[in-house]
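Biologist: I am new to this structure and would be grateful for a close look at a single part of it. Please take the second helix and describe its surroundings, its charged side chains and the surface patches to which it contributes.

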Amino acid sequence: MAITPNDIHNKDFSTKFKGFDPEEVNDFLEEVKKELETLIRDNKDLEKRVKFNEEKVEYFNSIQETLNKSILVAQEAADRLRENARKDAEIIVFEAEKAAQAMLKEAAEKATEINRETDLIKKETRIFRQRLQILTQTQLEMIKNEEWDIVLNTPTHIEVTPPSLDAIIKERVKKSENEESKEQ
């Protein structure tokens with residue numbers, strides 16, 4: 001059982017022969033009472049402060065727990081984002097490789113087609129060249145022909161006289177008569 005300041009104040013001691021001076025005892029008890037009241041008041045203040053501090057600690061622990069949970073959630077979200085980004089990157093790389101493969105295939109097909117066309121053009125060019133050679137040789141032979149010499153060496157001062165109108169009419173009449181005789 002705890003002693004209160006009132007217990008000290010109201011305590012009566014029995015007196016015996018050659019006992020303590022009651023006034024000194026009462027003065028001392030009054031000091032003890034005051035000191036006990038001060039200690040009780042300080043203790044209550046400390047208890048209030050302890051309770052307040054415990055509430056603060058509980059509040060801060062709650063905040064810490066919330067922050068820890070938030071950090072975990074943020075870390076998980078960051079991990080998911082990182083994983084999603086990695087997967088997206090893999091998809092992009094896969095699609096790029098696929099597109100590049102398709103482009104390379106198309107380029108190879110076009111190169112093959114160009115090679116075929118080039119071979120065909122070379123073949124046609126050879127044929128054209130052969131024909132041109134033959135044509136050129138033929139033309140050269142025609143140029144070297146004797147007929148050119150004859151044409152070039154004949155006199156150029158030949159006079160041409162036009163036929164007279166009477167000669168033309170006579171020729172016409174003659175043709176008409178020949179045609180009539182054939183029809184009969």
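Modeller: The account below follows helix 2 from its beginning to its end. The model is a predicted one, and every value quoted here is computed from it.

Helix 2 spans residues 22-144, and a loop lies between helix 1, which covers 5-10, and helix 2. Asp21 is located in that loop. With a relative accessibility of 39%, Asp21 is classed as partly exposed. Asp21 also belongs to a negative surface patch, whose other members are Glu23, Glu24, Asp27, Glu31, Glu35, Asp42 and Asp45. Residues qualify for such a patch only with over 30% relative accessible area and no salt bridge, so Asp21, at 39%, passes the accessibility requirement.

Salt bridges are the next topic. The structure contains eight of them, and three pairs within helix 2 are described here in turn. In one of these, the side chain of Lys33 meets that of Glu30, with a distance of 3.6 Å from N to O. A salt bridge requires the nitrogen to lie within 4 Å of the carboxyl oxygen, and the 3.6 Å between Lys33 and Glu30 therefore satisfies the criterion. The two residues are three positions apart in helix 2, which means that about one helical turn separates Lys33 from Glu30. How many residues are linked in the network of salt bridges that includes Lys33? The network joins Glu30, Lys33 and Glu37.

Lys33 deserves a separate description. Lys33 is part of helix 2 and has a relative accessible area of 13%. Because buried means under 20%, Lys33 is counted as buried. Glu30, its partner in the salt bridge, has a relative accessibility of 27% and is classed as partly exposed. Leaving aside residues up to four places away in sequence, Lys33 touches Pro5, Ile8 and His9. Helix 1 is the segment 5-10, and these contacts of Lys33 with Pro5, Ile8 and His9 therefore involve residues numbered within that segment.

Two further positions in helix 2 may be considered for their distances to other parts of the chain. Thr38 is found in helix 2 and is partly exposed, its relative accessible area being 28%. From Thr38 to Glu90 there are 52 residues along the chain, and the C-alpha atoms of the two are separated by 75 Å. Arg41 is likewise found in helix 2, and its relative accessible area of 49% places Arg41 in the partly exposed class. The exposed class begins over 50%, so Arg41, at 49%, does not enter it. Between Arg41 and Lys16, which are 25 residues apart along the chain, the C-alpha separation is 35 Å.

Further along helix 2, another salt bridge forms between the side chains of Lys110 and Glu106, at 3.3 Å from N to O. Lys110 and Glu106 are four residues apart in helix 2, so about one helical turn lies between them. Glu106 is partly exposed, with a relative accessibility of 42%. Ala108 is also placed in helix 2, and Ala108 is partly exposed at 42% relative accessibility. Ala108 and Leu120 are 12 residues apart in sequence, and their C-alpha atoms are 18 Å apart in space.

The side chains of Arg116 and Glu113 provide another salt bridge, with an N to O distance of 3.2 Å. Being three residues apart in helix 2, Arg116 and Glu113 are also separated by about one helical turn. Is Arg116 buried or exposed? Arg116 has a relative accessible area of 52% and is exposed, whereas Glu113, at 36%, is partly exposed.

The description closes with a nonpolar patch on the surface. Leu140, Met142, Ile143, Trp148 and Leu152 form this patch, and together they have about 550 Å² of accessible area. Helix 2 and helix 3, the latter covering 146-153, each supply at least two residues of the patch. Helix 2 makes the greatest contribution, with three residues. Trp148 is located in helix 3 and is partly exposed, with a relative accessible area of 44%. The nonpolar patch is thus a surface feature to which both helix 2 and helix 3 contribute.

Methods: Residues numbered from 1 in each chain as written. Predicted model: local features only at pLDDT ≥ 70, side-chain atom pairs only at ≥ 80, totals over all residues. Heavy atoms only, no water. Patch = residues over 30% accessible without salt bridge, like charges linked within 9 Å, V, L, I, M, F, W, Y side chains within 5 Å. Areas by Shrake-Rupley, 256 points an atom, 1.4 Å probe, with all protein chains shown as cover. Lys, Arg positive; Asp, Glu negative; His and termini not counted. Charge placed at Lys NZ, Arg CZ, Asp CG, Glu CD. Buried < 20%, exposed > 50% of the residue type's maximum accessible area, 1.4 Å probe, protein only. Contact = heavy atoms within 4.5 Å.
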